[in-house]
Amino acid sequence: IRSIVVNLLRMKQLRLNPQVFTKMNKLHFLNFYSVWSSSTFLQDPWGLYLSQGLDALPNELGYLRWSHYPLESLPSKFSAENLVELHLPYSRVKKLWLKVPVNIISLI
């Protein structure tokens, strides 16, 4: 798998295992998007859930867009050296990685 694109509004409920991306070492493009701009999306009883967190993202990712990312940080095992674009609109992110506060880094 080289790319994944998911319209979150079309998902009734999607629960992801913490290791879901662990073996996807060729994944370059990951896009979980929604046309909603409201933060109330986070409280709706449908959508994408990471109740046990997320162990890793593929280090080959060049593009990461995740609307309403539900966690407060990206996985600590994620090396963003290949990341060209990062979009986390309406997310709960407080720290990206290495304990760097979000307000220190400019997010698109």
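**Exercise 1. Strand pairing**

Which residue in β5 does L30 stand opposite? Place the strands involved within their sheet.

Solution. The model is a predicted one. L30 stands opposite L64 in β5. A second position links these strands, with F32 opposite W66 in β5. In total, four bridges join β3 to β5, and the two run parallel.

Next, take the other partner of β3. β1 and β3 pair in the parallel sense over five bridges. At one of the positions, L30 is the bridge partner of I4.

Now assemble the sheet. It is open, has four strands and follows the order β1-β3-β5-β6 with parallel pairing. β1 and β6 stand at the edges; each has a single partner strand, so one side of each is left without a neighbour in the sheet. Direction ignored, neighbouring strands of this sheet are turned by 5° against each other on average.

**Exercise 2. The nonpolar core**

Determine which residues touch the most other members of the largest nonpolar core, and which elements give two or more residues to this core.

Solution. The largest nonpolar core holds 26 residues, and F21, L30, F32, L57, L64 and W66 touch the most other members. The elements giving two or more residues to this core are β1 (3–7), β3 and β5 (63–66).

W66 can then be examined through its contacts. With neighbours within four places in sequence left aside, W66 is in contact with L16, F21, L30, F32, L48, L50, L54, L57, H87, L88 and P89.

In general terms, nonpolar side chains tend to be buried together in soluble globular proteins.

**Exercise 3. Aromatic pairs**

Describe the geometry of the pairs F21 with W66 and F29 with Y63, and state where the residues lie.

Solution. A search of the whole structure finds five aromatic pairs. F21 and W66 form an edge-to-face pair, 6.4 Å centre to centre and with 80° between the planes. This pair links distant parts of the chain: F21 is in the loop between β2 (13–15) and β3, W66 is in strand β5, and they are 45 residues apart. Both F21 and W66 are buried.

F29 and Y63 form a stacked pair, 4.5 Å centre to centre and with 10° between the planes. F29 lies in strand β3 and Y63 in strand β5, so the pair ties together parts that are 34 residues apart in sequence.

For burial, apply the cut-off of under 20% relative accessible area. Y63, at 18%, is buried, whereas F29, at 30%, counts as partly exposed.

Finally, ring pairs link F21, F32, W66 and Y69 into a cluster. As a separate ring interaction, R15 lies over the face of Y49, at 4.7 Å from the ring centre.

**Exercise 4. Two polar positions**

Are N31 and S67 buried or exposed, and what is each in contact with?

Solution. Start with N31, which is in strand β3 (residues 29–33). Its relative accessible area is 11%, so N31 is buried. Neighbours within four places in sequence aside, N31 is in contact with I4, V5, V6, Y63 and R65.

Turn to S67, found in the loop between β5 and β6 (85–87). Its relative accessible area is 2%, so S67 is buried. With the same sequence neighbours left aside, S67 is in contact with L8, F32, Y33, S34 and P89.

Note on methods
Residues numbered from 1 in each chain as written. Predicted model: local features only at pLDDT ≥ 70, side-chain atom pairs only at ≥ 80, totals over all residues. Heavy atoms only, no water. Buried < 20%, exposed > 50% of the residue type's maximum accessible area, 1.4 Å probe, protein only. Contact = heavy atoms within 4.5 Å. Core = buried A, V, L, I, M, F, W, Y, C linked by side-chain atoms within 4.5 Å. Pairing = 2+ DSSP bridges. Axes fitted to C-alpha atoms, helices over the stretch in contact; angles between N-to-C directions. Phe/Tyr/Trp six-rings, centres within 6.5 Å; stacked < 30°, edge-to-face > 60°. Lys NZ or Arg CZ within 6 Å of the ring centre and 35° of its normal.
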